[in-house]
Amino acid sequence: MKIKFTKMHGAGNDFVVIDAINQAIEFTPAQWQYLADRRFGVGADQMLVVEKPQAAGVDFRYRIYNADGGEVEQCGNGARAFVKFVTDKKLTDKHVIKVETMSGIIEPRLEANGQITVDMGPPVLRPEDVPFDTTDLLCKADGEETLWPLDIKGETYWVAALSMGNPHAVQVVTDVETAPVREDGVLIEHHPRFPKRVNAGFMQIIDVHQIKLRVFERGAGETLACGTGACAAVVSGIRRGLLASPVKVQTRGGELSIAWAGGTSSVMLTGPAVTVFEGEIEL
C-alpha cells in the first residue's frame with residue numbers, strides 16, 4: 001500500500017500529514033510507529049490525518065497519532081500545520097476553518113501575514129476533568145492557581161494540573177536548560193496520579209510577557225515545541241500572577257504567542273507552520 005504524505009512542522013514540532021479524503025487510510029499502531037520512526041520511516045512527533053467531517057456545520061475532521069501509535073485528543077502546533085495543509089492543497093478557500101477533533105470543535109484562522117491563530121477553547125481546570133487523581137493530596141494555593149505535590153524519585157515537585165484538550169502538568173523552574181526534562185519528564189508522564197498519562201511542562205519565567213518552555217510530551221518524548229503545552233504554561237503562569245497576556249513562549253524550535261483573558265475565555269495560540277517536503281511511502 002503506497003501512501004502520499006506531506007512532512008511539516010510548527011516551531012520544530014514535526015508532523016507527517018496525510019490526506020484521508022482522497023486516499024483510504026486504515027493503519028495499525030505498528031504502522032503509525034513505522035511512519036514516525038526517524039531511521040526506518042519518515043520521522044515525526046505526530047501524524048495528522050485530514051478527514052471529511054462527521055458533525056454538521058464543520059469543515060474537516062482532524063485526527064492525531066503520537067509517535068508511539070496512540071491516538072490523542074489535541075495538538076496546537078498540529079492544528080496550524082493542518083490549516084496550512086488544507087489551504088495549500090486547495091481543500092478549502094476559507095481563512096477561518098471549523099475543525100472537528102477528539103476533544104471538540106476548534107476554529108483556527110489563517111492570518112494575512114501567514115501566521116496561524118488557533119482558538120484552543122477555555123482551559124479545563126477541575127482536576128477530575130484533566131484527569132488528575134487528588135486523593136489524599138494536600139494542595140497549596142498560589143494566586144488563583146492550585147499546586148499539587150508529585151513525588152518523583154523521592155522529591156516533591158509542585159505542579160499545576162490542567163487540560164488544553166489534553167492533560168498537562170506544569171512546573172516553574174529556574175533554568176529550562178538545566179532542568180531534568182528528559183529524566184523526570186518520563187516519570188511525570190507515567191505518574192499514577194494521571195490515569196491517561198500527561199504532558200510534562202517545565203517553564204522558566206523571563207518577564208511577565210515572556211517565558212522559556214520545554215515539554216516532555218505524552219507518547220512522543222521531548223519535542224522542540226508543544227502548542228497545547230505553551231497554552232497550559234501561560235494559563236498557569238497568569239493564574240499564579242507571574243505572567244500577563246499576551247505572552248511570548250520561547251521553545252527550542254521557535255516562538256509562539258499565547259493570549260488569554262482569564263476565566264472561561266478561550267486561549268488563543270499564534271505561530272508559524274512550514275511545509276518541508278512531500279513524498280510517498282510503502283506500508
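Start by selecting the lining of the second largest cavity, which by class has five nonpolar, two polar and three charged residues. Here Ala, Val, Leu, Ile, Met, Phe, Trp, Tyr, Cys and Pro count as nonpolar, Asp, Glu, Lys and Arg as charged, and the others, Gly among them, as polar. A cavity is a set of points, on a 1 Å grid over the protein atoms alone, where a 1.4 Å probe fits but cannot get out, and lining residues have an atom within 4 Å of a point.

Before going further, a word on the model: it is predicted, with local features needing pLDDT of at least 70 and side-chain atom pairs counting only at pLDDT 80 or more, while totals for chains, interfaces and linings use all residues. Residues are numbered from 1 along each chain as its sequence is written, and side-chain values use heavy atoms, with hydrogens and water left out.

**Stop 1: the second largest cavity**

The residues to pick are Leu213, Arg214, Val215, Glu222, Thr223, Leu224, Ala225, Cys226, Thr251 and Arg252. They surround about 50 Å³ of space, a volume being the space filled by probe spheres set on the points, with grid points joined across faces, edges and corners. Colour β14 (210-217) and β15 (221-223), since each supplies at least two residues of this lining; β14 has the largest share, three residues. Strands (E, at least two residues) and helices (H or I, at least four) are DSSP runs, numbered from the N terminus.

**Stop 2: the largest cavity**

Searching the whole structure turns up two cavities of 30 Å³ or more, and the largest has a volume of about 90 Å³. Select Gln46, Asn66, Gln74, Asn166 and Glu217, which lie nearest its centre among 14 lining residues. That lining divides into four nonpolar, eight polar and two charged residues. Both β4 (60-66) and α4 supply at least two residues to it.

**Stop 3: helix α4 and the largest core**

Now show α4, residues 227-239. Its 13 residues reach 19 Å from first C-alpha to last, close to the 18 Å expected at 1.5 Å a residue; the expected span is 1.5 Å times one less than the number of residues. Since 13 of the 13 residues of α4 are buried, the helix is largely enclosed by the rest of the structure. Buried means under 20% relative accessible area, exposed over 50% and partly exposed in between (1.4 Å probe, protein chains only). Following α4 is Gly241, with a positive phi near 80°.

Next, look at the largest nonpolar core, in which Tyr62, Ile211, Leu213, Val249, Ile258 and Val267 touch the most other members of the 51. Helix α4 gives the most to this core, seven residues. Such a core is a set of buried Ala, Val, Leu, Ile, Met, Phe, Trp, Tyr and Cys residues joined through side-chain atoms within 4.5 Å. A second, separate core has 20 residues, including Phe132, Trp148, Ala179 and Phe194.

**Stop 4: Ile106 and helix α2**

Move to Ile106 in strand β7 (residues 104-110). Ile106 counts as buried because its relative accessibility is 4%. Leaving aside neighbours within four places in sequence, its contacts (heavy atoms within 4.5 Å) include Tyr62, Gln74, Ala79 and Val118. For a distance check, the C-alpha atoms of Ile106 and Gly76 are separated by 10.0 Å.

Gly76 is one of the buried residues of α2, along with others including Phe82, Val83 and Phe85. Select helix α2 as residues 76-88: 10 of its 13 residues are buried, so α2 is largely enclosed by the rest of the structure. Finish at Lys90, just after α2, where phi is positive at about 60°.

Conventions: 1 Å grid on protein atoms, 1.4 Å probe; cavity = no way out; pocket = protein on both sides within 12 Å on 5 of 7 lines; lining within 4 Å.
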